[in-house]
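Work through the exercises below with the model open. Each task is followed by a solution in steps.

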Amino acid sequence: MTTLLTGISQLHTVSEAGVIEDAAVVIDGSTIAWVGRAADAGAADERVDLGGRAVLPGWVDSHTHMVFDGNRAEEFEARMAGQDYAAGGIALTMEATRSAGRERLTQLVRERRADARAGGTTTLETKTGYGLNVESEVEAAQIAATLVDDVTFLGAHLVPPGEDAETYLDLVVGDMLDAVAEHVQWIDVFCERGAFSEEQSRRVLEAGQAKGLGLRVHGNQLGDGPGVQLAVEYGAASVDHVNYLTDEDVEALASSETVATGLPACDLSTRQPLAPLRRLIDAGATVALASNLNPGTSYTSSMNFCVSTAVLQQKLTLEEAVRAATFGGAKALRRHDVGQGLDPQGRPAKGTLVPGAAADLHVLDTAHAIDLAYRPGMPATWRTYVGGEVVFG
Ligand code: NIG
């Protein structure tokens, strides 16, 4: 079954083809078969007119924490009144999540995925990390595995209150990892003062590597630290937050395949300095934008908001911000195009609109994608396609 999409004012391919005006796309099943000028399009089984709207690849949100219950509005209010963010709040969410039950957590993740899709997100990673015991971490991983694209084990999010750090870490890299590994593709560690030290982070990354998992690091969020250098040393797919960077950190990222993921909604919500994405791009690093949906530091899945912020406050051009929120996220998940629309594992690539790639499209309710930043906060998403199917709009 082929579908010809016409009525596309601008097609942002996020590839060498750039932005095509008066464009058309042919979808064949779940992948893209053709893109180009509408005047050159061939026939298809079905034709859909998008009414002169701009089309982007669906957002690839490569950093979320979707499996949680409860909220931390009081903590947020206190922060807006001047209190600093500290990782300790994670323990409150841990308690709510442990007692929620599988059915409720599944429903919450389903609703959060629907919200994300309504904002143009087509690929979602989520982390565990609010269970922090074997049973709850496995439950979170299992729920996530049924509802999102990529799952990351984040047992090393916080040492649960009252537990000894080294004993807990033994559990994380031992029984917990053994139990969770079959449900996840990635392992992550919160490498930060107040969370896990460099030595502890090394143990986590090495244990994950030995299990065949891909690596990610939460780093340099609350101050300078070893997170970026560790991520680069271990060949992690991404290091996320990157608020506080030395020149050496920027250089290390620029000369590596590790993606620097900016989380602007989190930066604003924690009143941290916005990550220096302009500096990273100028140095040659690959940058991703992600929502960091979680109840503590970023209670939003709006990638439209992240893109607006990256343009308005982090000085990216629209094209750079779109690339970061699509191709950048895909590279952070190793789902990026490495030729012929395929990712490094030969699957349809994400985050780019070229033949062979996944038919994941974000149709904006405007003819001009710049409206994402020019008209910040206005409803922007008109329709979302995942694998050629309409999932919103
Ligand atoms: O990415 N940095 C660590 N984890 C989350 C925050 C978790 C929380 O406070 O609940 C983050 O910001």
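A residue is near a molecule if one of its heavy atoms lies within 4 Å of it. The model is predicted: local features need pLDDT of at least 70, side-chain atom pairs count only at pLDDT 80 or more, and totals for chains, interfaces and linings use all residues. Residues are numbered from 1 along each chain as its sequence is written, and side-chain values use heavy atoms, with hydrogens and water left out.

**Exercise 1.** Find which residues around the ligand come nearest.

Step 1. The ligand has 16 residues around it.
Step 2. Arg-72, Tyr-85, Tyr-130, His-157 and Thr-297 come nearest.

**Exercise 2.** List polar side-chain atoms that approach an oxygen atom of the ligand, using polar contacts (a pair of N or O atoms within 3.5 Å).

Step 1. For Tyr-130 the distance is 2.6 Å.
Step 2. For Asn-292, a side-chain N or O atom is 3.0 Å away.
Step 3. For His-218 the distance is 3.2 Å.
Step 4. The ligand alone exposes 330 Å², of which the protein buries 100% (Shrake-Rupley method, 1.4 Å probe).

**Exercise 3.** Describe the largest cavity, where a cavity is a set of points on a 1 Å grid over the protein atoms alone at which a 1.4 Å probe fits but cannot get out, and lining residues have an atom within 4 Å of a point.

Step 1. The volume, the space filled by probe spheres set on the points, is about 100 Å³.
Step 2. The lining has 14 residues, and His-65, Tyr-85, His-157, Asn-294 and Thr-297 are the closest to the centre of the cavity.
Step 3. The ligand takes up the space of this cavity (more than half of a molecule's atoms must lie within 2 Å of the grid points).

Note on methods: Polar contact = N/O pair within 3.5 Å; in protein donor to acceptor, adjacent residues only side chain to side chain. 1 Å grid on protein atoms, 1.4 Å probe; cavity = no way out; pocket = protein on both sides within 12 Å on 5 of 7 lines; lining within 4 Å.
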